[in-house]
Amino acid sequence: MKNAKTIGVISIKGGVGKTTVVSNLASSLANQFGKRVLVVDGNISAPNLGLHLGILNSQNTLHDVLFNNVPVWKAVRKSEYGFDVITGSLLPKKSQTRVNPYKLHNRLSDIKKEYDYVIIDSSPNLNEEMLSTMIASDELLVVTSPDYPTLSCTMHAVKVAKERKTPIRGLVLNKVRDKSFELSVSDIENATGIPVLSVINDDVRVLEALSKTAPASSYFPDKDFSIAYNMLASKISGEEYKDTRLLPRFLGIFKR
Ligand SMILES: Nc1ncnc2c1ncn2[C@@H]1O[C@H](COP(=O)(O)OP(=O)(O)OP(=O)(O)O)[C@@H](O)[C@H]1O
Ligand SMILES: [Mg+2]
């Protein structure tokens with residue numbers, strides 16, 4: 001019987017790419033490594049994971065599970081991309097945004113045996129919502145980008161996770177443009193004391209995939225950002241992965 005590892009994807013800054021990381025990592029774990037994956041929209045006051053995946057009309061949502069005592073399995077939907085999803089209600093009532101932070105953990109425990117990984121998309125707000133994700137998670141990925149304001153929020157997120165004693169697996173450095181003014185991986189690792197597990201380029205095709213409600217790594221499987229997600233999934237699962245594209249291998253010979 002499986003007992004899923006639960007990974008929370010957090011940041012204390014909006015728009016850095018948490019939901020994108022959740023859907024792309026899930027797609028890589030499911031499609032490259034054959035894992036059974038459930039993604040959960042833990043952004044309780046502003047859920048939009050369903051919008052990333054084209055799932056808009058769930059009969060039951062996480063809000064029904066948390067606030068109306070609907071059994072968790074009734075809220076599970078199949079995505080088109082090889083993994084399951086629990087979406088949130090797009091327009092939650094005000095009474096459906098203040099949650100007991102232990103409830104998500106308790107409700108997800110009923111379904112963890114069905115999966116290898118449960119990945120929780122977090123709210124950027126440092127309140128009961130993010131606390132729910134932290135308490136429900138075995139480990140965290142913190143999403144950041146290579147600029148000072150985001151780094152400052154990332155250092156704050158790391159501090160909060162450490163205080164709560166939720167292990168941080170690593171940072172995902174997203175939206176990198178390879179500019180000389182950007183913070184480097186070592187700047188970010190030195191400032192936070194946490195390893196950068198994955199570096200993902202800023203690429204307009206990530207937005208194009210979003211407009212098709214598809215994870216970019218499944219819509220553009222041969223692009224660098226997709227390979228980066230496969231390598232992240234390889235690190236998370238401990239399973240080997242090789243970039244088999246011809247051009248990068250060819251260029252690699254010259255670099256050596
Ligand atoms: N590597 C990337 N390159 C280009 N655009 C990206 C990349 N990653 C994410 N984006 C875009 O950035 C925007 C914000 O991403 P996303 O919704 O994943 O952020 P978030 O951290 O979940 O935001 P929120 O805190 O509001 O939930 C989206 O339009 C997404 O497509
Ligand atoms: Mg989000």
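**Exercises on a predicted model**

A polar side-chain atom of K18 lies 2.7 Å from an oxygen atom of ligand 1. The model is predicted, and the exercises below begin from this contact.

**Exercise 1.** Determine which residues come nearest to ligand 1, and how much of the ligand the protein covers.

*Solution.*
Step 1. Ligand 1 has 19 residues around it, and K18, T19, T20, K175 and N201 come nearest.
Step 2. Examine the atoms involved. T19 places a polar side-chain atom 2.8 Å from an oxygen atom of ligand 1. N201 instead uses a backbone N or O atom, which lies 2.9 Å from a nitrogen atom of the ligand.
Step 3. On its own, ligand 1 has 640 Å² of accessible area, of which the protein covers 84%.

**Exercise 2.** Establish the order of the strands in the sheet and explain why one side of β3 and of β8 lacks a neighbour.

*Solution.*
Step 1. Strands of a sheet pair through backbone hydrogen bonds, either parallel or antiparallel.
Step 2. Here eight strands form an open sheet with mixed pairing, in the order β3-β4-β2-β5-β1-β6-β7-β8.
Step 3. β3 (77-78) and β8 (196-201) stand at the edges with a single partner strand each, so one side of each has no neighbour in the sheet.
Step 4. The partner of β3 is β4 (residues 84-86); the two run antiparallel and are joined by two bridges. In β4, D84 is the bridge partner of K78.

**Exercise 3.** State which strands helices α6 and α10 lie across.

*Solution.*
Step 1. Helix α6 (residues 148-164) lies across β1, β6 and β7, at about 170 degrees to β6.
Step 2. Helix α10 (residues 224-237) lies across β1, β5, β6, β7 and β8, at about 165 degrees to β8.

**Exercise 4.** Locate the two residues of the salt bridge between R98 and E128.

*Solution.*
Step 1. Side chains of opposite charge can pair when their charged atoms come close.
Step 2. The side chains of R98 and E128 meet at 2.6 Å, N to O.
Step 3. R98 belongs to the loop between β4 and α4, whereas E128 is in helix α5, 30 residues apart, and the pair links distant parts of the chain.

How values were computed. Residues numbered from 1 in each chain as written. Chains lettered and ligands numbered in written order. Predicted model: local features only at pLDDT ≥ 70, side-chain atom pairs only at ≥ 80, totals over all residues. Heavy atoms only, no water. Pairing = 2+ DSSP bridges. Helix = DSSP H or I, 4+ residues; strand = E, 2+ residues; numbered from the N terminus. Contact = heavy atoms within 4.5 Å. Axes fitted to C-alpha atoms, helices over the stretch in contact; angles between N-to-C directions. Near = heavy atom within 4 Å. Polar contact = N/O pair within 3.5 Å; in protein donor to acceptor, adjacent residues only side chain to side chain. Areas by Shrake-Rupley, 256 points an atom, 1.4 Å probe, with all protein chains shown as cover. Salt bridge = Lys/Arg side-chain N within 4 Å of Asp/Glu carboxyl O.
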